[in-house]
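Q: Pick one part of this model and take me through it closely. I want residues, contacts and distances, and then a short look at what lies beyond.

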Amino acid sequence: MMIVLPDPADPASDGTQTVPAASGQRLAAPSQPDGTTLVQGRTWIDPASQATITPDAALASDEVARTRLFLVLSAILAAACGIATPLLSGSVASRLSVTAVCFGCATLLLSFRRALTAELLANQRRWTIMCALLVGSSAVAVWFFGVFSPAPMVGTFGIYFLCLGRSARAALYSYLGGAIAHIVPSVAFAVHLLPDPGLLRPTAATGDMLVSVFMVQVVFACTYALARGSQKNTRDAVQKLHAALVQVQKREALLAEANLELDQALQGGHRGPLSGRRVAAWTLGAVVGRGAMGDVYEARRDDGQRAAVKILHRALAMDPTHVKRFLREAQIVSRMRSRHVVRLLDFGNLESPGDGQGALPPYIAMELLDGHDLGWHLRREGRMTTELALEMIDQLADALTEAAAADVVHRDLKPQNVFLAESAAGALWKVLDFGVSKLASDPGTLTHGTPIGTPAYMAPEQARGDRVDARADVFSLACIAYRALTGRPAFSGNEVPQILFDACFAQPVRPGSLAPLGPDVERALALGLAKRADERIASAADFAAALRSACSDALSPALRARADALLAAAPWGSRPR
Ligand SMILES: Nc1ncnc2c1ncn2[C@@H]1O[C@H](COP(=O)(O)OP(=O)(O)O)[C@@H](O)[C@H]1O
Ligand SMILES: [Mg+2]
């Protein structure tokens, strides 16, 4: 669980956390004793999953860790001095007292290390006492060993540590304190103003000694600059990371909100404009789904038979092309026998609906499926396990194989048109919505040359408005596999033309960079997503089989070679210039 530390250098900081609100604005929420956070006085949010740790809090927590390490290293240094001192020359009394100071210092440092908390670090008075003790004992050691001995290097160590802290003033004071504490006695000893009491006294000329003092001062200054530079870089990096994190959290919050609204809009479970009306033998109940062509109602016949009845949107019902396409869906579905295609019960174009309330648009009655479409599942789960995805692709391929055998191209295969129907016997994936499907052999089209379908899952030849065959559905199936396995659509964007352009010319992001997928899975996806239909895997069943063997790293050598050639010509993530 994240801890949020108050920033002692920031008087405004009071230990509050910044939590992105669902609407995207940020709320300051007081931390609770159990680590959860109170938002607007009513919602409890687990900070481990929701809170944004502020840069100050992140740096404060880093400071605690760094201080602990510093205290341990200082204790080791002090103990090493304590062990070495009795081996040196000098009066017994002074050696004994320095040894005692060193061991006392090491013990004190370790007890500080044990007691160190964010609060102690934030407590200026106690921290100052500790620093004064450290400086004092270092001064004793330097005085004992001599200002021209290696002892002043302890100052470098201290300056580096103290200057990494968040307070610029404290950093400057510690550097100046250390530098002055060194320069004043060393110059005084070098010019023989005072006698040098140190153990290691140089016999060098005054000029040489002054040069060595200068060099130590340069090292101190460089240490100061290095520590402040690192501190600034760390702060900048943490701030950038924080800004990115806030952006991501805002987007996630907005997305969650949009998902909720989308669920409400698409899933229904609520009354639609036609709820309660009668359509042929069916009495319409709640809306169970919405699509581009129509609303789908739960319906019941007098004999108790339940159904899902799709009613063409009223605006589309004005256009005979749409009416023809809608009814052709029913004819096509009525020919399908696969248990992975939604079963048709009845359809019609009602001249007079029989309830005396005016004409109704055409309808299709299908078996009522319990469960949710793939779009709903993916919105919740992000991505699917390999096992589930393979099972789904196998079952969808079964439906597409039957469609291909009947010379039908679905042309709008996408997560919203794929349904996981749950029943007591288990769950089955079913293909819905043959609304824009086409007889492959039929040169006529109801699209008048305009590409129809859903851009993000549309084959390049379909996006261009060219003739399509079963291989267009293989492309869409590969897009679904890519989306399910990686958690990200192969092609996405805000502008339809850009998505269509990408589907025709750009390669999606390498799947292995989005999820742990092996090179064979990437190859199988590349073969399904080939831009040219003649380079693509030719049938849905072959694609499903290739993906299955790819998932156990056993793609055939021939398919590997084909995929490698495709990826060499157009690597993942590439776009034409
Ligand atoms: N038979 C059904 N049983 C339950 N829900 C269905 C059924 N058919 C469709 N739906 C729901 O309605 C949504 C829209 O149906 P769809 O046939 O795709 O309509 P459209 O042709 O308008 O896109 C689907 O995404 C699904 O959630
Ligand atoms: Mg649909």
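A: The answer starts with one helix and its packing, then moves outward.

This is a predicted model. The protein chain has 577 residues, and 38% of them count as buried. Its secondary structure comes to 18 helices and 16 strands. Of the contacts with a separation of 6 or more, 64% join residues 24 or more positions apart.

The part to look at is helix H14, residues 470-486. Start with the core around this helix. The largest nonpolar core holds 96 residues, and Val 309, Leu 477 and Ala 481 touch the most other members. Helix H14 supplies the largest share of this core, with 12 residues. The core also crosses a domain boundary: domain 2 (269-368) and domain 3 (370-577) each give at least three residues. Nonpolar side chains tend to be buried together in soluble globular proteins.

Ala 481 shows what the helix packs against. Beyond its neighbours within four places in sequence, Ala 481 is in contact with Ala 389, Ile 393, Leu 525, Gly 528 and Leu 547. Leu 525 and Gly 528 fall within helix H16 (519-528). Leu 547 falls within helix H17 (540-551).

Now go to the end of the helix. Thr 486 has its place in H14. Is Thr 486 buried or exposed? Thr 486 counts as buried, because 24 C-beta neighbours lie inside 10 Å, and the cut-off is 20 or more. With neighbours within four places in sequence set aside, Thr 486 is in contact with Arg 383, Pro 511, Leu 514 and Ala 515. Val 509 is 23 residues away from Thr 486 in sequence, and their C-alpha atoms are 9.9 Å apart.

Leu 517 belongs to the same neighbourhood, with its C-alpha 8.3 Å from that of Thr 486 across 31 residues of sequence. Leu 517 lies in the loop between helix H15 (496-505) and helix H16 (519-528). Despite the loop position, Leu 517 is buried, because 20 other C-beta atoms lie within 10 Å. That count sits right at the cut-off of 20. Not counting residues up to four places away, Leu 517 touches Leu 485, Pro 511, Gly 512 and Glu 522. Leu 485 falls within H14. Pro 511 appears in the contacts of both Thr 486 and Leu 517.

Two other loops are worth checking for backbone angles. Asp 553 sits between helix H17 (540-551) and helix H18 (557-569). Phi of Asp 553 is near 55 degrees, positive in a residue other than glycine. Asp 553 is exposed, because just 10 other C-beta atoms lie within 10 Å. Arg 411 lies in the loop between strand E13 (408-409) and strand E14 (418-423). Arg 411 also has a positive phi, near 70 degrees. Yet Arg 411 is buried, because 23 other C-beta atoms lie within 10 Å.

Next comes the ligand. Val 309, named above in the core, falls within strand E9 (306-312). Strand E9 also supplies at least two residues of the shell around ligand 1, as do strand E7 (282-290) and strand E8 (294-301). E7 gives the most, with three residues. Which residues come nearest to ligand 1? Of the 22 residues around it, they are Gly 289, Gly 291, Met 293, Ala 308 and Asp 433. The shell divides into 11 nonpolar, six polar and five charged residues. Like the core, the shell around ligand 1 draws at least three residues from each of domain 2 and domain 3.

Last, a comparison region. A second, separate core has 34 residues, among them Ala 78, Phe 144, Tyr 175 and Phe 189. Tyr 175 and Phe 189 are also among the buried residues of helix H7. H7 (residues 168-190) has 23 residues and reaches 32 Å from first C-alpha to last, close to the expected 33 Å. Just after H7, His 192 takes a positive phi of about 60 degrees. Leu 199 follows in the loop between H7 and helix H8 (206-267). Leu 199 counts as partly exposed, because 18 C-beta neighbours lie inside 10 Å. Its contacts beyond four places in sequence are Leu 88, Gly 90, Phe 144, Phe 145, Gly 146 and Ser 149. Phe 144 is a member of the second core. The C-alpha atoms of Leu 199 and Trp 143 are separated by 8.4 Å, with their positions 56 residues apart along the chain.

Conventions: Residues are numbered from 1 along each chain as its sequence is written. Chains are lettered from A and ligands numbered from 1 in the order in which they are written. This is a predicted model: local features need pLDDT of at least 70, side-chain atom pairs count only at pLDDT 80 or more; totals for chains, interfaces and linings use all residues. Helices (H or I, at least four residues) and strands (E, at least two) are DSSP runs, numbered from the N terminus. The expected span of a helix is 1.5 Å times one less than its number of residues. A residue is buried if 20 or more other C-beta atoms lie within 10 Å of its own, exposed if 12 or fewer, and partly exposed in between; C-beta atoms are placed from the backbone. A residue is near a molecule or strand if its C-beta atom, placed from the backbone, lies within 6 Å of it. Ala, Val, Leu, Ile, Met, Phe, Trp, Tyr, Cys and Pro count as nonpolar, Asp, Glu, Lys and Arg as charged, and the others, Gly among them, as polar. Domain bounds come from an automatic or database domain assignment. A nonpolar core is a set of buried Ala, Val, Leu, Ile, Met, Phe, Trp, Tyr and Cys residues joined through C-beta atoms within 7 Å. Two residues are in contact if their C-beta atoms, placed from the backbone, lie within 7 Å.
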